[in-house]
Amino acid sequence: MDFTYDFLAPPKIVFGWGRRREAGALGRGLGTRAYLVSGARRLAADGVIDELMAALRAANVEPIPLAEIHGEPLVDDVDRAAKRLREQHCGDGDFVLAIGGGSAIDLAKGAAAMATNGDGASVRDFLEGVGRGLAIERSPLPLLVMPTTGGTGSEATKNAVISSHDPTFKKSLRADQMIPRVVLVDPELAVSAPPNVTAQTGMDAITQLIESYISRRARPIPRALALEGLQRALPAIVEAVTNGASRPAREAMAHAALLSGMTLANSGLGMAHGVAAALGVVCDVPHGLACAIMLPAALRVNREVAMSELAELERATAEARRGELDDPAAADAFIERIESIGLASGIPRRLTEIGVRADHIPSLVAQSRGNSMSGNPRDISDEELTNLLQQML
Ligand SMILES: [Zn+2]
């Protein structure tokens, strides 16, 4: 591992059970008008959004609904929200507040950046690998983000994943200034997340922690954070899925997800995320589910080149003492444990179970070549990836 690094993280993180009640005071530190972006219908149904708006008003912050999102954000969603912010002449005293899963947070990050950049151009022109290659040069509107699923880690990253159906792509809008100003994590907000969402987002966080740890761009601070995250998440995920009201399990998963955002933002990812992006655009598979199903295969592909790192992960996270295992045995034990945790969380094993057919594979291979894949510990040829996906059907 190269001992040269930068490290980027949100300047203020507020974490704790029930601490959503501090949103008003935290918001007041950013401005007096809060443009709300929300996801997950359950939040409105449970009264969480009303409670949040009341807390903002009590702190003399005016809440203004900006957007609601129930799927992963599209170019049009970002353009529409940014247009509204520009029409309101947003500037000093205004901020964007996102409450929801990764989709709501990514939409808010995109809209906050596009409100002050591009002079009305589409976000598409700023996305990596498509459009005109424009760059975020002016500071986005400040962001206060409240993640509610315990999964994506988007609250701690400098990018927003934006999709399009025509043409088909899933690309990142990325800039250091896009990192949220304040992250407020209340693990209690995940209690009402259904088991499948908990499983998929939790496995996404675990995938992010592992892939960033073995990435060819791995760095020391994210590695330390990844170990902490995995030590918390691996023993907790099945409990969070099967007993959603468990406070310790929800705390562990929310904490691990937050750390996974910091690790991926600073160390990159790998093959599971590369293929997951393709599964999202080609077969409409939710991000966390795609990562979860690809993770064991990605670990096997990297077993030789990342053996000592996988062995380190086993020794750092196994409940029983595993000091006596040599590297190959420890790496194999880790891969097997990750696979069984996925199965116990209800993650399917085969791609056909998530709607993938043999004729999808050429497009999947072509669409896997993004920023994530470039962090994978070793190169994987199109032929090797094709064979691997065929075996997983
Ligand atoms: Zn992910």
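A residue counts as buried here when its relative accessible area is under 20%. Keep that cut-off in mind as you look around this predicted model. Below are some notes on its open sheet of 6 strands, on helix H7 (residues 220–233) and on Gln 200 in helix H6.

**The sheet**
- The 6 strands follow the order S1-S8-S5-S4-S2-S3, and their pairing is parallel.
- Strand S1 (12–15) and strand S3 (62–68) are the edge strands; each has a single partner strand, so one side of each lacks a neighbour in the sheet.
- On average, and with direction ignored, neighbouring strands of this sheet are turned by 20 degrees against each other.
- Within the sheet, strand S5 (residues 143–147) runs parallel to strand S8 (residues 182–185), and 2 bridges join them.
- Look for Leu 144 here: its opposite residue in S8 is Val 182.

**Helices around it**
- Helix H9 (residues 247–267) lies across S1 and S8, and its direction makes an angle of about 165 degrees with S1.
- Helix H7 has 14 residues and spans 20 Å from first C-alpha to last, close to the 20 Å expected at 1.5 Å a residue.
- The buried residues of H7 are Pro 220, Pro 222, Arg 223, Ala 226, Gly 229, Leu 230 and Ala 233.
- These buried residues pack against helix H6 (195–214), helix H8 (237–242), H9 and helix H12 (307–317).

**A closer look at Gln 200**
- Gln 200 belongs to helix H6.
- Its relative accessibility is 17%, so Gln 200 counts as buried.
- Apart from neighbours within four places in sequence, Gln 200 is in contact with Pro 286, Gly 288, Leu 289 and Ile 347.

How values were computed: Residues are numbered from 1 along each chain as its sequence is written. This is a predicted model: local features need pLDDT of at least 70, side-chain atom pairs count only at pLDDT 80 or more; totals for chains, interfaces and linings use all residues. Side-chain values use heavy atoms; hydrogens and water are left out. Two strands pair if DSSP finds at least two bridges between them. Helices (H or I, at least four residues) and strands (E, at least two) are DSSP runs, numbered from the N terminus. Axes are lines fitted to C-alpha atoms, for helices over the stretch in contact, and angles run from 0 to 180 degrees between N-to-C directions. Contact means heavy atoms within 4.5 Å. The expected span of a helix is 1.5 Å times one less than its number of residues. Buried means under 20% relative accessible area, exposed over 50%, partly exposed in between (1.4 Å probe, protein chains only).
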